[in-house]
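Could you walk me through this structure in the viewer, telling me what to select at each stop and what is there?

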Amino acid sequence: MKKSPIEIFSDWVDDGKDDGMEINHSSAVSVMLNKVLNITNDYSFIDAGCGNGWVVRKVSKNSNCLKAIGIDGSKRMIEKAKSLDTINNYYCNELSTWKPSEKVEIVHSMEVLYYFKNPLIVIKNIYDNWLKENGKFIMGIDFYFENKPTHNWPEKTNVSIMTLLTVKQWEGLFIKAGFKNIETSRSGEKNDWKGTLIIMASKN
Ligand SMILES: C[S@@+](CC[C@H](N)C(=O)[O-])C[C@H]1O[C@@H](n2cnc3c(N)ncnc32)[C@H](O)[C@@H]1O
């Protein structure tokens, strides 16, 4: 029987596989953070689908980061994040409906948005309810149509919801949500592996 993404990732905490995500995602995330944090102003930051919170802990160490927040639907991921970090705030909630109490300048999300039947709902929620007018959103995903070696992931991982879209379709969702200045790039391309698809966009 297939399991929901949140059930699968809760199991991963029990198996310690969440630590592997930091190792596997860190080079693409470094590229993403260099792009989006390339500002001199102070900012507040949300990691959408933060897992065990490793990106929140990393970003919160930057001197112009005023506030860093992690949100994830897995109770076990959030418990682990809180056990490792008593300074920053972590919330266990559903990304398509949750709203922060205050909007932020930067939203980041790594390897999360295809775990939704309709990712537009989450992208629109981020646009409408999470970002300030000068805000930016950056997402990274490895599971997309052009990256053929990932096509067997739904069978391999037993996850019930994995939405496979082309680069153009992902860009289309950002446009539909209202985002401007959409910049698409890839990180870590090697042979058949097309790399992490990175889309960065601004609210205005
Ligand atoms: C592949 S992990 C990535 C975690 C983290 N971004 C990282 O790079 O280590 C995907 C995360 O998305 C979360 N997730 C999946 N669907 C979700 C939903 N509907 N609401 C909130 N979180 C969700 C999972 O619990 C999991 O922690």
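In which sense do E1 and E4 pair, and over how many bridges? Select both strands: the pairing is parallel and runs over three bridges. For one rung to zoom in on, pick Ile 46, whose bridge partner in E4 is Val 107. Keep in mind along the way that this is a predicted model.

**Stop 1: strand E1 and its other partner**

Stay on E1, residues 43-48, and colour the strand by burial. Five of its six residues are buried, so the rest of the structure largely encloses this strand. Now add E2, which runs parallel to E1 and is joined to it by six bridges. Two pairs are worth labelling here: Phe 45 has Ala 68 as its bridge partner in E2, and Ala 48 stands opposite Ile 71 of E2.

Next, trace the chain between the strands. From E2 it passes through helix H4 (residues 75-84) on its way to E3, in a right-handed β-α-β crossover. The step from E1 to E2 is also a right-handed β-α-β crossover, and there the chain goes through helix H3, residues 54-60.

**Stop 2: the whole sheet**

Show every strand now. You have an open sheet of seven strands with mixed pairing, in the order E3-E2-E1-E4-E5-E7-E6. Which strands stand at the edges? Strand E3 (89-92) and strand E6 (180-187) do; each has a single partner strand, so one side of each has no neighbour in the sheet. If you look along the sheet, neighbouring strands are turned by 15° against each other on average, with direction ignored.

At the E3 edge, select E2 (residues 65-72) together with E3: they pair in the parallel sense over four bridges. Within this pair, Asp 72 sits opposite Cys 92 in E3.

**Stop 3: helices on the sheet**

Turn on H2 next. This helix packs on the sheet and touches strand E4 (104-110), E5, E6 and strand E7 (196-202). Its direction makes about 155° with that of E5. Then add helix H7, residues 167-177, which also packs on the sheet, touching E6 and E7. The direction of H7 makes about 20° with that of E7.

**Stop 4: Met 139**

Centre the view on Met 139, found in strand E5, residues 131-141. Is this residue buried or exposed? It counts as buried, because 27 C-beta neighbours lie inside 10 Å, and the cut-off for buried is 20 or more. Leaving aside residues up to four places away in sequence, Met 139 touches Ser 109, Leu 113 and Ile 199. For a sense of scale, draw a distance from Met 139 to Asp 14: the two are 26 Å apart in space, C-alpha to C-alpha, and 125 residues apart in sequence.

**Stop 5: the ligand shell**

Select the ligand and the residues around it. The shell has 19 residues, and the closest are Met 21, Gly 49, Gly 51, Gly 73 and Ser 74. Helix H1 (5-15) and helix H2 (18-36) are the elements that give two or more residues to this shell. Coloured by class, the shell shows 10 nonpolar, five polar and four charged residues.

**Stop 6: two backbone oddities**

Finish with a Ramachandran plot beside the viewer. Most residues other than glycine have a negative phi. Asn 158 has a positive phi, near 70°, and lies in the loop between helix H6 (153-157) and H7. Asn 158 is partly exposed, with 13 other C-beta atoms within 10 Å. The phi of Asn 181 is positive too, near 50°, but this residue is in strand E6. With 11 other C-beta atoms within 10 Å, Asn 181 is exposed.

Technical notes: Residues numbered from 1 in each chain as written. Predicted model: local features only at pLDDT ≥ 70, side-chain atom pairs only at ≥ 80, totals over all residues. Buried ≥ 20, exposed ≤ 12 C-beta atoms within 10 Å, placed from the backbone. Contact = placed C-beta atoms within 7 Å. Near = placed C-beta within 6 Å. Nonpolar A, V, L, I, M, F, W, Y, C, P; charged D, E, K, R; others polar. Pairing = 2+ DSSP bridges. Axes fitted to C-alpha atoms, helices over the stretch in contact; angles between N-to-C directions. Right-handed = clockwise from strand over helix to strand, strands pointing away.
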